[in-house]
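Student: Hey, got a minute to go through this one with me? I'd like to take it chain by chain and then look at some details.

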Amino acid sequence: MGDWITQSSQLIASVEEPHGADSHGGDHGDGHAWVSWEGLLVYVAIVVGTLFVLMAQAKKGLNNRFFTNKLTQLFEQVYLFIENMCVGTIGAHGRRYVPMIMTMWMLVFSGNLLALFFPTSPTADLSFNLGLALVSVAYVQYEGIRANGLFGHLGHFAGPKLGGFLALLISPIIFVIEVVSELMKNVSLSLRLFGNIDGGHRAAEAMNTLGAGIYVPFGAFLLPIKLLTVVVQAMIFCLLTAVYLSLVTHHDDDHGHGHEAEAGHAEVAPAH
Amino acid sequence: MSNAKQSSGPPAIVGIVVGAALMFGGFWFSKNVKLEFIKTLEAQGIPLDPGKTISIIGVLLILFPVIKFFFIAPLAEAIQNRTTELERTFGEAENLRAEMTQMKQDYERRLVQTEADAREQIQSQIKEAQSLRQQMMAEASAKAEELKASAAREIETQKQQAIAELRHHVVELALQATEKLVEANVDDERNRKLVADFLETVEAPR
Amino acid sequence: MTGHIFGLGIGLAALGVGIGLGMIGNGAMQGMSRQPEAIGKIQVAMLIALAFVELVCLLTVFIVPGSLKI
């Protein structure tokens with residue numbers, strides 16, 4: 001056991017070395033280190049391990065009457081919150097996507113929480129966030145294809161149905177724009193999370209530098225706002241996934257309305 | 001819905017195998033492949049490692065089905081069961097309450113009924129008693145009247161008898177006196193009649 | 001010198017984003033005060049809008065240093 005702890009602590013220590021030190025010292029060159037592959041694995045292992053321990057504890061309290069276990073109650077509240085969000089955003093059929101979005105929420109939230117205590121965390125790593133965003137957007141495409149069929153889903157990209165000549169002119173342009181916007185969803189999802197969590201770290205570091213002369217860690221005073229960021233960013237990640245899902249998974253008969261709904265993202269999709 | 005998803009979607013084991021392959025592929029990619037545009041990105045302060053991203057996709061592909069079957073499905077089922085249980089319990093309670101209300105109404109109705117019955121019975125008893133009393137009183141007074149009447153009759157009879165006797169004695173006395181007076185026998189049928197007639201005339205104005 | 005311009009660029013972005021966030025907050029609060037029963041929906045929509053605006057500032061942080069290099 002002790003052996004394992006020394007090994008993993010060495011691993012954490014070793015991964016703090018700058019990743020691209022040879023190529024670039026950088027404009028942001030305050031010696032900020034990016035974790036290597038193994039380091040990210042350690043942090044992900046911490047997150048996932050914690051989650052599984054908590055879930056195993058909470059699973060013991062499951063019964064069909066009343067959850068007396070505090071942990072189970074907590075997870076129940078999370079479940080109800082996610083379910084509420086899904087049903088409110090996607091509509092009556094949104095309950096199907098709850099497991100996916102809840103897993104995502106738990107991962108992002110615990111990753112964000114980890115960022116409060118550790119110098120880095122999974123969600124403070126752009127690669128992790130990009131992976132998460134790719135999975136999320138790919139899941140959205142998968143659900144869209146399942147709901148509308150492959151051509152129905154691609155037809156979504158082509159925008160509203162136009163007649164004859166106009167369709168040939170405009171639809172390809174809209175198609176290209178929509179595909180690019182799908183790609184940008186990845187970037188925006190991942191960069192938002194990364195920027196918020198890593199930005200919190202950098203702001204704390206900068207403020208610590210400010211107070212270094214008088215030995216006051218000003219950065220620590222950022223903790224409340226970082227805590228707020230933790231909750232809000234986890235929620236926004238899942239909410240945006242739910243919104244993307246709601247855009248592609250309404251019923252087949254009204255393709256044309258899908259893009260009008262885009263104007264009002266959070267509008268509850270009418271349950272048919 | 002979820003059953004349809006199970007059947008139409010790829011089974012979880014495929015996700016796990018692909019995820020594991022992606023994890024190791026990502027490790028290899030991270031160690032051996034250095035792309036040019038990654039360096040450009042890093043120069044912009046965007047630290048991206050595609051190898052890590054690939055590995056994370058693999059990890060997530062494993063994680064999503066595992067967490068779903070390990071925890072979220074049982075949780076959702078438990079919550080669902082609890083909700084139905086609660087609904088059932090509440091429905092039962094509601095039914096029981098309705099039944100109880102019904103019973104209470106019944107009971108109250110019966111209570112009112114019983115009270116009315118009792119009151120009616122008492123009234124009828126009182127009425128009966130009163131009529132009985134009336135009847136008894138009437139009987140008693142009738143009897144008294146009768147007794148009075150019979151007594152009066154008897155008195156009348158006695159009186160008549162006494163008067164007749166008295167008259168007889170008076171006639172006897174008068175005749176004896178007259179006999180002594182005149183020393184002759186006047187006691188015959190004609191004199192007796194004469195005295196009786198006289199007494200009649202004396203009696204008459206009384 | 002580039003450092004100063006970098007700072008200025010981020011400052012400008014923060015200025016615009018700050019105005020944008022303020023306007024979103026303003027609109028959301030007015031809406032909430034007019035219709036307190038719709039607070040939940042307004043908050044969700046507000047958070048999404050905030051996230052989109054915030055992204056602009058974050059993008060600036062990553063794009064400004066690179067573009068100055070060229």
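Student: Okay, let's begin with chain C. How many helices and strands are in there?

Tutor: Chain C has 2 helices and 0 strands. Keep in mind that this is a predicted model.

Student: What percentage of chain C is buried?

Tutor: Of its 70 residues, 27% are buried. The accessible surface of chain C is about 4300 Å², and 75% of that belongs to carbon and sulfur atoms.

Student: Now chain A. What's the secondary structure?

Tutor: Chain A has 8 helices and 0 strands, so along the sequence the pattern reads α-α-α-α-α-α-α-α, going by runs numbered from the N terminus.

Student: And how much of chain A is buried?

Tutor: For chain A, 47% of the 272 residues count as buried. The chain exposes about 12900 Å², with 70% of that supplied by carbon and sulfur atoms.

Student: What about contacts between residues far apart in the chain A sequence?

Tutor: Take the contacts in chain A between residues at least 6 apart in sequence: 68% of them join residues at least 24 apart.

Student: Can you show me a helix pair? Which residues of H2(A) meet H4(A)?

Tutor: From H2(A) you have Tyr43(A), Ile46(A), Val47(A), Val48(A), Leu51(A) and Met55(A). They meet Met106(A), Leu107(A), Ser110(A), Gly111(A) and Leu114(A) in H4(A).

Student: At roughly what angle do the axes of H2 and H4 of chain A cross?

Tutor: Roughly 115°. The axes of helix H2 (residues 37-60) and helix H4 (residues 98-117), both of chain A, come within 10 Å. The crossing of H2(A) and H4(A) is right-handed.

Student: Switching to the surface. Which residues form the nonpolar patch?

Tutor: The patch consists of Ile145(A), Leu150(A), Phe151(A), Leu154(A), Phe175(A), Val176(A), Val179(A), Val180(A), Leu183(A), Met184(A) and Val187(A). Together they have about 940 Å² of accessible area.

Student: Which elements give two or more residues to that patch?

Tutor: Helix H6 (150-157) and H7, both of chain A. H7(A) has the largest share, with 7 residues.

Student: Where does Ile145(A) sit?

Tutor: Ile145(A) is in helix H5 of chain A, which covers residues 126-148.

Student: And why does Ile145(A) count as partly exposed?

Tutor: Because its relative accessibility is 34%, and partly exposed runs between 20% and 50%.

Student: New topic: what's going on with the phi of Tyr215(A)?

Tutor: Phi of Tyr215(A) is near 55°, a positive value in a residue that isn't glycine. Most residues other than glycine have a negative phi.

Student: Where in chain A does Tyr215(A) lie?

Tutor: In the loop between helix H7 (164-210) and helix H8 (223-248) of chain A.

Student: Is Tyr215(A) buried or exposed?

Tutor: Exposed, because Tyr215(A) has 75% relative accessibility and the cut-off for exposed is over 50%.

Student: We skipped chain B. How many helices and strands does chain B have?

Tutor: Chain B comes to 5 helices and 0 strands, and the pattern along the sequence is α-α-α-α-α.

Student: How much of chain B is buried, and how much area does it expose?

Tutor: In chain B, 21% of the 206 residues count as buried. The exposed area of chain B is about 15300 Å², and carbon and sulfur atoms supply 62% of it.

Student: And the contacts in chain B, what share join residues at least 24 apart?

Tutor: That share is 60%, among contacts in chain B between residues at least 6 apart in sequence.

Key: Residues numbered from 1 in each chain as written. Chains lettered and ligands numbered in written order. Predicted model: local features only at pLDDT ≥ 70, side-chain atom pairs only at ≥ 80, totals over all residues. Heavy atoms only, no water. Helix = DSSP H or I, 4+ residues; strand = E, 2+ residues; numbered from the N terminus. Buried < 20%, exposed > 50% of the residue type's maximum accessible area, 1.4 Å probe, protein only. Areas by Shrake-Rupley, 256 points an atom, 1.4 Å probe, with all protein chains shown as cover. Patch = residues over 30% accessible without salt bridge, like charges linked within 9 Å, V, L, I, M, F, W, Y side chains within 5 Å. Salt bridge = Lys/Arg side-chain N within 4 Å of Asp/Glu carboxyl O. Axes fitted to C-alpha atoms, helices over the stretch in contact; angles between N-to-C directions. Left-handed = near helix turned anticlockwise from the far one by under 90°. Contact = heavy atoms within 4.5 Å.
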